[in-house]
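Reader: Please present the structure, so that its sheet and its buried positions can be discussed.

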Amino acid sequence: MPKSAKDSYQYRISNAITFIEENLKNVLTLDRIAQEACYSKYHFIRLFAAVTGETVVDYVRKRRVSESAHELILTREPIVAIAERYQFDSQQAYTRAFQSVFNTSPGKYRKKGHRLVTFERYTLSPADINKLQNDFVSMEPKIITITDRKLVGMRIKTSLSNDTTSQMWQQFMPRRFEIKNNKNTGYYSVQSFDEDITFDTFTEDVIFEKWAAVEVTDFDQIPEGMVSYVLPGGKYAIFIHKGPVDTFKKTMDYIHGKWLPNSGYELGQRNHFAIMGDKYHGPHHPKSEEEIWVPIQ
């Protein structure tokens, strides 16, 4: 890994952490934190988790709780006032967060009269970079530029906590032959998040759009119950994920935690998608392969 790339990587994440620390008592958004790191929101979310082992949301929550605990001991302010200062909506929400960190309530913690150190500011170290460098097998992508592609298929609204993607594919696959103008370039899995997702709303319950589709020559014939979609053209990095779906996180950690920060590219503001072709044997097959398309610029 080039020294300059490594230094830039550490500098950007450190900037974001410093910004978080300086604004624990202020409203924070994912967009604003990512801006401090000079990354797109979705790239930053993955990168931060790969480095620190915490999601951005969990890190901020734990740091707010940890710092607020200091004020519980040093002041006699009402607990609700401290909770509000650290951006918790209510004393009940603050108590739940506090218990998840300290395994006790704010009131009981205050009565003990001494501060326990549980979740300090994260300090980025060279070991973080080396971990990402060594944990994943080198995987160089193919870089290509494409024009817009026409897709026809089915779409659903789903969430990470209640993912109904498999049911959609079960409905789509028996009907795929109804699409007469199929270009036979594989099956497309596309997901689209709302651009208005904020720090406070980015959870496993966030609703997003998921597609099961194929590429077509035109939109002249769309089977009943299916819809059309134009996949934006542009430059993409194509990676090959090999193995079952439960190893997919390692592939994504490699892409966003190692390759992208050192590639010279930035993440493009277009949808990620996957293409499943002849080498795809199902989500649990050990020899399955699928293409992961990452928008870059």
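**Sheet and packing**

Reader: How many residues are in the chain, and on what basis are they described?
Author: This is a predicted model, in which local features need pLDDT of at least 70 and side-chain atom pairs pLDDT 80 or more, while totals for chains, interfaces and linings use all residues. Numbering starts from 1 along each chain as its sequence is written, and side-chain values use heavy atoms, without hydrogens and water. Buried residues (under 20% relative accessible area, 1.4 Å probe, protein chains only) account for 45% of the chain's 297 residues.

Reader: Which strands stand at the edges of the sheet?
Author: Helices (H or I, at least four residues) and strands (E, at least two) are DSSP runs, numbered from the N terminus. Strands pair if DSSP finds at least two bridges between them, and the antiparallel open sheet has the order β1-β6-β8-β7-β3-β4-β2-β5. A single partner strand is available to each edge strand, so one side of each has no neighbour in the sheet; these strands are β1 (142-146) and β5 (227-231).

Reader: Which residue in β7 stands opposite Ser189?
Author: Strands β3 (residues 182-192) and β7 (residues 273-276) pair in the antiparallel sense over four bridges. Opposite Ser189 in this structure stands Ala274.

Reader: Is Thr165 buried or exposed, and which residues does Thr165 contact?
Author: Thr165 lies in helix α9 (residues 165-172). With a relative accessible area of 11%, Thr165 is buried. Leaving aside neighbours within four places in sequence, the contacts of Thr165 (heavy atoms within 4.5 Å) are Ile156, Thr158 and Lys210.

Conventions
Buried means under 20% relative accessible area, exposed over 50%, partly exposed in between (1.4 Å probe, protein chains only).
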